[in-house]
Amino acid sequence: MSMPAVLLVCLGNICRSPLAEAALRAAAEQAGVDMAVESAGTGDWHVGSAPDPRAQAVALRHGIDIAGYRGRQVQAEDFHRFTHIFALDSDNLRQLRRMRPAGGAAHLGLLMDMVPGRAGSSVADPYYGDDAGFDRTWDDVTRAAEAIVAHLSP
Ligand code: 4NP
């Protein structure tokens with residue numbers, strides 16, 4: 001099997017999916033698993049932007065610097081480039097299903113479907129909330145990252 005390539009997708013690509021990217025990169029590295037990991041948003045408002053300062057802060061509290069990440073929007077070619085595309089919530093999953101080009105072979109699913117007991121659930125959008133919301137996001141994406149690494153390890 002070729003190396004897994006995982007794309008994590010939320011709405012803005014400045015809160016949830018950059019945290020999921022950071023958590024998955026860390027989990028793969030810790031497990032010694034080779035995996036390409038990126039994140040993107042279905043929306044275009046934050047293309048080229050750094051992650052939300054609150055997202056940067058929660059990642060840094062867990063020892064990971066994401067200040068250099070930049071927002072980008074999902075592209076049709078992502079469905080060819082990546083082996084797995086995970087949406088952080090069901091709205092974005094629906095949007096991705098609409099975007100999928102003919103022949104785009106990436107497995108498409110909901111991120112939390114990877115976590116036992118959390119199937120069908122969305123990672124709540126912390127953008128309009130407080131710092132505690134970002135801690136909850138970190139907990140969710142960390143659990144998902146560990147499950148993905150376990151699932152995609154050779
Ligand atoms: P994200 O959070 O999808 O987790 O990156 C959001 C960031 C920005 C907006 C919405 C959600 N926005 O509407 O600008």
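**Entry 1: the largest pocket.** I began with the largest pocket, which holds about 170 Å³ of space. The model I am reading is a predicted one. I then looked up which residues line the largest pocket: Cys10, Leu11, Gly12, Asn13, Ile14, Cys15, Arg16, Trp45, His46, Asp125, Tyr127 and Tyr128. Sorted by class, the lining of the largest pocket comprises seven nonpolar, three polar and two charged residues.

**Entry 2: strand 1.** Cys10, one of the lining residues, is also a residue of strand 1, residues 5–10. I asked how many residues of strand 1 are buried. Six of the six are buried, so strand 1 is largely enclosed by the rest of the structure. I next examined the two faces of strand 1 separately. In a regular strand, side chains alternate between the two faces of the sheet. On one side of strand 1 I find Ala5, Leu7 and Val9, and on the other Val6, Leu8 and Cys10; all of these are buried, and both faces are covered.

**Entry 3: partners of strand 1.** I looked up the pairing of strand 1 with strand 2, residues 36–41, and found six bridges with the strands running parallel. Within strand 2, Ser39 stands opposite Leu8. I traced the connection as well: strand 1, helix 1 (residues 16–31) and strand 2 form a right-handed β-α-β unit. Strand 1 also pairs with strand 3, residues 84–87, in the parallel sense, over four bridges. Here I noted Ile85 of strand 3 as the bridge partner of Leu7.

**Entry 4: strand 3 and strand 4.** I then asked which way the side chains of strand 3 point, and whether they are buried or exposed. His84 and Phe86 point one way, Ile85 and Ala87 point the other way, and all are buried. Strand 3 pairs in the parallel sense with strand 4, residues 107–110, through four bridges. His107 in strand 4 is the bridge partner of His84. Between these strands the chain passes through helix 4, residues 90–99, and I record this β-α-β crossover as right-handed.

**Entry 5: the annotated span.** Finally I consulted the UniProt record. Its unreviewed entry carries the annotation "domain: Phosphotyrosine protein phosphatase I" over residues 4–151. For residues 4–151 I noted 41% helix and 14% strand, with the end C-alpha atoms 11 Å apart.

Technical notes: Residues numbered from 1 in each chain as written. Predicted model: local features only at pLDDT ≥ 70, side-chain atom pairs only at ≥ 80, totals over all residues. Heavy atoms only, no water. Buried < 20%, exposed > 50% of the residue type's maximum accessible area, 1.4 Å probe, protein only. Pairing = 2+ DSSP bridges. Right-handed = clockwise from strand over helix to strand, strands pointing away. UniProt positions renumbered as here; feature names shortened; annotations may be inferred. 1 Å grid on protein atoms, 1.4 Å probe; cavity = no way out; pocket = protein on both sides within 12 Å on 5 of 7 lines; lining within 4 Å. Points joined across faces, edges and corners; volume = space filled by probe spheres on them. Nonpolar A, V, L, I, M, F, W, Y, C, P; charged D, E, K, R; others polar.
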